[in-house]
Amino acid sequence: MAEITFRQALNETLREELTRDENVFLIGEEIGNFEGSYKITAGLLKDFGPRRVVDTPIAENGFVGLATGAAMLGLRPIVEIMTINFIIMAMDEIVNHAAKIYYMFGGQCPIPMVIRTPGGGGQQLSATHSQNLEVWFSHVPGLKVVAPSTPEDAKGLLRSSVLDNNPVIFLENLALYNVRGEVPEGYYTTPIGQAKVSKEGTDVTVISYSRMASVALDVAHRIEQETGLSVEVVDLRSLRPLDTETIINSVKKTGRGIIFEEDWRTYGIGAEIAATLQEEAFDYLDAPIKRVASVEVPLPYSKPLELAALTGARQLIEAINELAPRRRRR
Amino acid sequence: MNKKQSQASDANKNEQRASGSSTALLENEDRDTLVRYYHQMLFIRHFEEKSAEMYNKARIGGYCHLNLGEEATVVGFCAGLEPKDYVYANYREHGYAVGRGIPPEAVMAELFGKETGCAHGRGGSMHMFDVNHHFMGGYGIVGGQIPLATGAAFALAYRGAHEIVACQMGDGTTNGGPFHESLNMAKIYRLPIIYFVVNNQYGMGLAADKGSAVGELYRKGCAYDMNSVRVDGNDVLAVRDAMRAAARLAREDRQPTLIEAVSYRFRGHSVVDPDRYRDREEVERGRSHDPIAMFAQRLQDAGLLDDAALADIEEQTQQELAAAVKFAEESSYPPVEGLFDFVYAPNDASAGER
């Protein structure tokens, strides 16, 4: 096992995929000469040339549509959208076209395309550069959505996404790029649609994804050491399709569930999971499901305001303490 | 030559011209080909009239936009391409689907929502598709098809393929972002594509020159240093020749072209549109330039068709059309158990080249 950063995991996998399959190409703004706004594609233009690593004009709808069209003819584009905020310009090509073409034309034309894009706040980038829009995509039949939290899963899920014959939204998070983690040697894939119990526990389940899943894991270990409370952490890894089985089984075991997400609460991933749990595990619940999410404001620039708006470890700890079985409470 | 000079000379090479009606002389043409164009135009005319009739009988649902009045544009577009070239179109595409070789039975069955339709009844009037004929879709979102078509051309250039892409759209589409983003990319990546604007003079009810700051839409190509041409969309040979010239540029030099074919929409925007916003006199004038009647006259004047031959073709098209309607009527609807088919493509099947 080697320990590498999330950024390295992505870079290595992109390199591997470009080498493995001639139909794979990368396309996006500043991914070539500039080597990526967040340096995920560093060195790739130099090694694979401009045919395989394509710098685009600032025209998100245009180049996402272009990638979709190229996928219609059997190429396997990996698109980078500099940050998820800019994907809004490309929603027509993603939702009306990439997500619909296979179905609407009667199964004649798959769209094997990956769109990688980082979301997340906390960088003082203010309202239009700090969003989490995973719900928009997770809502749409025809799309798949993944959101890994570790370098290991970043590799495994990126491989699966490139191999998939459907459009996959591959969500990254700005604050994860420098996170280090162990990565198995050799070729492996992480299946899309499979959550992972990243820490077993018996008292309460925390369900999360992307960066918040890594925060949840830290919190769970800390609480267990400090209080003896046994927290189970489910890392969703995929948002669509959603692995409801793993979530339901975990909450049936612990009787308590918290969904922890960086996104806004209303109509969120947490709302979907809470509804699923009350439908499928109602008789097992010992307490209402809790949602821990960010405050519903456009994210402000000023540091104290930004901190007040974002959710984090403190909010999760509070929720766990409120929800935990009484015998375990401090 | 330094780089700057060479760019300037490239720019000069990119023509912008408004050609009038066809310069093609009938004596240089193959008779059977001309008769086939006539036959195809007439078939599309009747196909669309039948579509309207079936819509009014509630056999066809949703929106239904017709190619009536645009038959020369449609047939000229199709005739300028090679059989394996790829076509993307908008939602007014029944004629293009038939013109590119999709059996009329499958197009009519799609309108009827039947499993035997060319999109297995999942798409309807606005979403014809047949991967075997490289007909890569009708698209209902205005402009949505343009980046896709540009991407198909990207894939062909990526592979060094012989084929090219032709992307049809309406006049109103040239006012939106996807048009401009796509033309720009086609030029910087040197993609083998023809952007084909059917200027039927109305985007729904808005006159083309009220929606566009530039009334001559082909001139928008100059922003992208692109070869651009305007042709008489009522002249099938003029349209075909413009397509052929553009196809040659795309195939041999990997240069995109913007073509504007000026035509006239004979009826409202869709079957249900009573067309109250157009002046009756204007509509009568537009309809008087009937591309089919004019072409028939030309063929007759040249002694290539007589009344008996015209009657024969009329009879044949009626028979073909009756067969298409019969097929559509007798086909089954998709089984409801198939509702979830095609939401996701399987990963075991190969998603190879198309």
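I began with Arg254(B), which I found in the loop between α9 (236-253) and β9 (257-262) of chain B. The model is predicted, and I read each value below as computed from it.

**Entry 1. Backbone of Arg254(B) and His134(B)**

I looked up the phi angle of Arg254(B) and noted a value near 50°, positive in a residue other than glycine. Most residues other than glycine have a negative phi. I then checked the surroundings: Arg254(B) has 18 C-beta neighbours inside 10 Å and so counts as partly exposed, since the buried class begins at 20.

I turned next to His134(B), which also is not a glycine and has a positive phi of about 55°. I located His134(B) in the loop between α5 (104-111) and β3 (135-138) of chain B. Is His134(B) buried or exposed? I counted 21 other C-beta atoms within 10 Å, so His134(B) is buried.

**Entry 2. A cis peptide bond in chain A**

I looked at the bond from Arg240(A) to Pro241(A) and recorded it as cis, with omega near -5°. Most peptide bonds are trans. Pro241(A) sits in the loop that runs between β12 (238-240) and α9 (244-254) of chain A.

**Entry 3. Helix α3 of chain B**

I asked why helix α3 (residues 71-79) of chain B is largely enclosed by the rest of the structure. The reason I noted is that 8 of its 9 residues are buried. The buried residues are Glu71(B), Ala72(B), Thr73(B), Val74(B), Val75(B), Gly76(B), Phe77(B) and Cys78(B).

I followed Val74(B), a residue of this helix, in more detail. With 32 C-beta neighbours inside 10 Å, Val74(B) counts as buried. Leaving aside residues up to four places away in sequence, I found that Val74(B) touches Ile44(B), Asn67(B), Gly95(B), Tyr96(B) and Gly99(B). I also took the separation of Val74(B) from Leu111(B): the two are 37 residues apart along the chain, and their C-alpha atoms are separated by 19 Å.

**Entry 4. Chain A as a whole**

I recorded 12 helices and 14 strands in chain A. Its radius of gyration is 20 Å, close to the 20 Å that the globule rule gives for 330 residues, so chain A is as compact as a globular protein of that length. Along the principal axes, the C-alpha atoms of chain A fill a box of roughly 65 × 45 × 40 Å. Of the 330 residues in chain A, 56% are buried. Among contacts in chain A with a separation of 6 or more, I noted that 78% join residues 24 or more positions apart.

**Entry 5. Two domains of chain A**

I found chain A divided into domain 1 (2-183) and domain 2 (196-328). Their centres, taken over C-alpha atoms, are separated by 27 Å. In the contact between them, 26 residues of domain 1 meet 23 residues of domain 2. On the domain 1 side, at least two residues each come from α6 (134-138), β6 (144-146), α7 (151-163) and β7 (168-173) of chain A. I sorted the residues of that side into 12 nonpolar, 11 polar and 3 charged.

**Entry 6. Contact between chains A and B**

How many residues does each chain bring to the contact? I noted 36 from chain A and 37 from chain B. On the side of chain A that touches chain B, the elements giving two or more residues are α3 (60-72), α4 (91-98) and α5 (101-104) of chain A. The largest share of that side, 10 residues, comes from α3(A). I recorded its residues as 18 nonpolar, 14 polar and 4 charged for the whole side of chain A that touches chain B.

Conventions
Residues are numbered from 1 along each chain as its sequence is written. Chains are lettered from A and ligands numbered from 1 in the order in which they are written. This is a predicted model: local features need pLDDT of at least 70, side-chain atom pairs count only at pLDDT 80 or more; totals for chains, interfaces and linings use all residues. A residue is buried if 20 or more other C-beta atoms lie within 10 Å of its own, exposed if 12 or fewer, and partly exposed in between; C-beta atoms are placed from the backbone. Helices (H or I, at least four residues) and strands (E, at least two) are DSSP runs, numbered from the N terminus. Two residues are in contact if their C-beta atoms, placed from the backbone, lie within 7 Å. Ala, Val, Leu, Ile, Met, Phe, Trp, Tyr, Cys and Pro count as nonpolar, Asp, Glu, Lys and Arg as charged, and the others, Gly among them, as polar. The radius of gyration is taken over C-alpha atoms; the globule rule is 2.2 Å times the number of residues to the power 0.38. Domain bounds come from an automatic or database domain assignment.
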